[in-house]
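Welcome! Let's get to know this structure together through a few questions.

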Amino acid sequence: MAEYTELEHKAAGHDGTLTDEQGLLIFKPLNEQELQFYKDIQQQQLTDNVESEGDIPLESWMPAYLGVLDEGHNVSENLAKDVQVIDSGEDLINIPNFPTSQDNGTSNRFLVLQNLTAGFNKPNIIDIKLGKILYDENATEDKKQRMTKVSETTTSGSLGFRICGMRIESNKMTSTLDPNHHEFQSQGEYVFINKMFGRTRTVEDVTEAFETYFANSSLNEERRNHLKTIFLQRLQLFFNTILNSEVRMISSSLLFIYEGDASRWDEQKDEDSLIADEFIDYEDEESQDSDSDDIVPKAPLSLMALIDFAHSKVTKGAGYDENVIEGVESLLSIFSKLSD
Ligand code: ADP
Ligand code: MN
């Protein structure tokens with residue numbers, strides 16, 4: 001019997017996101033605007049086929065979108081409808097026995113996305129919220145006021161980004177964190193750094209926060225330096241993507257993940273990929289009729305992705321997103337110092 005559990009490896013956000021037994025997918029409570037954004041981006045990719053001077057398309061930074069799950073229904077049916085946008089056209093995903101809602105008559109819907117932590121043995125995660133402006137035109141007066149205040153009093157306002165949270169292995173820098181800013185998890189192996197940490201960072205000490213993220217005690221200096229460099233390179237590529245994308249994204253995040261298990265670095269001879277591979281490249285279960293270890297996703301040693309589109313929209317003809325580009329510029333300048 002398949003089991004679905006609360007996603008454990010996460011750096012921020014609301015509760016209620018589930019993952020399957022193998023941890024290949026996540027099921028995020030559905031938000032119509034987020035769904036629309038995934039669909040629009042995919043559609044644009046199919047119809048426009050703009051080869052924008054070798055830039056990486058926005059979609060490549062996003063988790064693969066697989067469809068919508070209606071709790072209690074046969075999921076592959078629903079997926080089949082939405083999944084056609086994925087190139088290979090095969091019935092790739094089978095989600096048996098998804099838990100049904102508690103007979104309260106409501107049908108909960110989920111967005112089915114690629115689990116970006118799949119394949120990582122010890123994912124170290126940071127969530128960085130982009131943008132100076134943190135509300136959109138649909139926000140209530142009250143929310144506008146609150147979000148303006150948050151921006152004015154945090155690095156959202158000064159730098160155009162804010163660290164939302166981290167979930168990393170404990171390291172020698174995490175032991176000096178303010179007790180109000182973190183809690184240990186998994187018998188102290190991991191530390192969850194909460195949003196109050198990010199909200200209290202300043203222009204002066206935010207660089208140190210990134211040092212904390214990379215201060216993994218299982219990775220040697222060369223590996224830690226590799227990480228700082230490759231994330232800088234990704235930010236440079238992402239900057240170009242944003243310059244060529246006509247979208248407006250309010251409170252979406254960059255998600256960084258790296259492998260903290262040194263044996264996986266050994267296995268892969270320190271070979272990391274700048275851009276994540278296509279998600280769907282695992283073998284067909286049926287054809288192998290073996291047991292459980294037949295789906296083996298290839299995981300990189302680190303990756304950067306763009307997530308959280310509940311306040312995002314495609315805005316054809318409107319030029320690039322100035323609100324987002326500023327934060328990316330600040331990150332670029334911090335990471336070029338980090339990786340010196
Ligand atoms: P919310 O709308 O609640 O803020 P997010 O989409 O920002 O939700 O996700 C919250 C957290 O869940 C992120 O910080 C990240 O750690 C994790 N997460 C989100 N999407 C994925 C994904 N596709 N794969 C793995 N982890 C994810
Ligand atoms: Mn979020």
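**Around the ligand and into the core**

Q: Which strands each supply at least two residues of the shell around ligand 1?
A: Strands here are DSSP runs of E with at least two residues, and helices are H or I runs of at least four, numbered from the N terminus. A residue is near a molecule if its C-beta atom, placed from the backbone, lies within 6 Å of it. At least two shell residues come from each of β5 (109-114), β6 (123-130) and β11 (253-259).

This is a predicted model, where local features need pLDDT of at least 70, side-chain atom pairs count only at pLDDT 80 or more, and totals for chains, interfaces and linings use all residues. Residues are numbered from 1 along each chain as its sequence is written, while chains are lettered from A and ligands numbered from 1 in the order in which they are written.

Q: How many residues surround ligand 1?
A: The closest ones are Lys10, Gly13, Leu116, Asp127 and Asp308. Altogether, the number surrounding ligand 1 is 20.

Q: Which helix gives the most to the largest nonpolar core?
A: Such a core joins buried Ala, Val, Leu, Ile, Met, Phe, Trp, Tyr and Cys residues through C-beta atoms within 7 Å; buried means that 20 or more other C-beta atoms lie within 10 Å of a residue's own. Among its 67 residues, Val112, Ile125, Ile126, Phe256 and Ile257 touch the most other members. With six residues, the top contributor is α8 (residues 221-243).

Q: Where does this core lie?
A: Domain bounds come from an automatic or database domain assignment. Both domains give residues to this core, so it lies between domain 1 (5-114) and domain 2 (123-338).

Q: In β5, which residue is the bridge partner of Asp70?
A: Five bridges join β4 to β5, and these strands run antiparallel. The bridge partner of Asp70 is Arg109.

Definitions and conventions: Buried ≥ 20, exposed ≤ 12 C-beta atoms within 10 Å, placed from the backbone. Pairing = 2+ DSSP bridges.
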